[in-house]
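Visitor: Hi, could you show me around this one? I'd like to ask a few things as we go.

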Amino acid sequence: SSCNGPQCRRGLAWPWLRRINARVNARVHQQSDQLTAGVPEKWQRSGAGNDSAGDCEDIAIEKRLTLIAEGFPPDALAFAVVYSRDTGLHTVLVARTAGGDVVLDNRTPYIFGWSQVGYSWVSIQVMGDPMTWRSLARA
């Protein structure tokens with residue numbers, strides 16, 4: 001499935017996604033789970049107010065919930081774990097659009113096609129089946 005709501009039918013999916021990505025990135029302060037939740041790792045919503053805080057997956061959760069609240073189909077969204085030498089493991093949100101899959105990343109206000117980001121792909125949720133993850137790492 002892909003986004004086929006009114007925003008997408010008018011060809012506005014990418015600007016709409018870019019706006020949500022930039023807005024959440026600007027409002028949420030990057031902070032570790034140890035500081036925000038008192039544990040080494042916890043997937044939780046960051047919130048989107050000016051005093052919100054979270055790490056990469058918390059910010060990705062916030063973007064997912066914001067997009068769904070604005071009409072983006074949940075089965076066209078997936079979390080993905082990626083890797084880069086500079087940052088190590090990192091979580092991003094992937095959105096399926098009529099123009100292809102795009103990445104919403106807390107490290108940039110822009111969105112890019114999945115093949116344009118400088119990450120190695122480790123694993124991704126199966127769209128439409130969020131309890132299932134697929135490994136994308138090369139053996």
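Guide: Sure, here come a few questions and answers about this predicted model.

Visitor: In what order do the 6 strands of the open sheet come?
Guide: The pairing in this open sheet is antiparallel. S6 and S8 (129–135) stand at the edges, each with a single partner strand, so one side of each has no neighbour in the sheet. Reading across, the order is S6-S5-S4-S3-S7-S8.

Visitor: Which residue in S5 is the bridge partner of Leu93?
Guide: Let's look at strand S4, residues 88–97, which pairs with S5 in the antiparallel sense over 5 bridges. Across in S5, the bridge partner of Leu93 is Leu104.

Visitor: At about what angle does H4 run to S4?
Guide: Helix H4 covers residues 56–69. It lies across S3, S4 and S5. Its angle to S4 is about 15°.

Visitor: Is Asn106 buried or exposed?
Guide: Asn106 sits in the loop between strand S5 (100–104) and strand S6 (111–113). Residues it touches include Cys56, Ile59 and Lys63. The cut-off for buried is under 20% relative accessible area. Asn106 has 17%, so it counts as buried.

Visitor: Which side chain does the side chain of Asn106 join in a polar contact of 3.4 Å?
Guide: Among the residues Asn106 touches are Asn25, Gln30, His90 and Thr91. The partner in that 3.4 Å side-chain polar contact is His90.

Visitor: How far apart in space are Ala76 and Met127, C-alpha to C-alpha?
Guide: Ala76 is in the loop between H4 and strand S3 (77–84), and it is buried, with a relative accessible area of 0%. In sequence, Ala76 and Met127 are 51 residues apart. In space, their C-alpha distance is 5.8 Å.

Definitions and conventions
Residues are numbered from 1 along each chain as its sequence is written. This is a predicted model: local features need pLDDT of at least 70, side-chain atom pairs count only at pLDDT 80 or more; totals for chains, interfaces and linings use all residues. Side-chain values use heavy atoms; hydrogens and water are left out. Helices (H or I, at least four residues) and strands (E, at least two) are DSSP runs, numbered from the N terminus. Buried means under 20% relative accessible area, exposed over 50%, partly exposed in between (1.4 Å probe, protein chains only). A polar contact is a pair of N or O atoms within 3.5 Å; within protein, one must be able to donate a hydrogen and the other to accept it, and residues adjacent in sequence count only if both atoms are side-chain atoms. Contact means heavy atoms within 4.5 Å. Two strands pair if DSSP finds at least two bridges between them. Axes are lines fitted to C-alpha atoms, for helices over the stretch in contact, and angles run from 0 to 180 degrees between N-to-C directions. Lists of a residue's contacts leave out its neighbours within four places in sequence.
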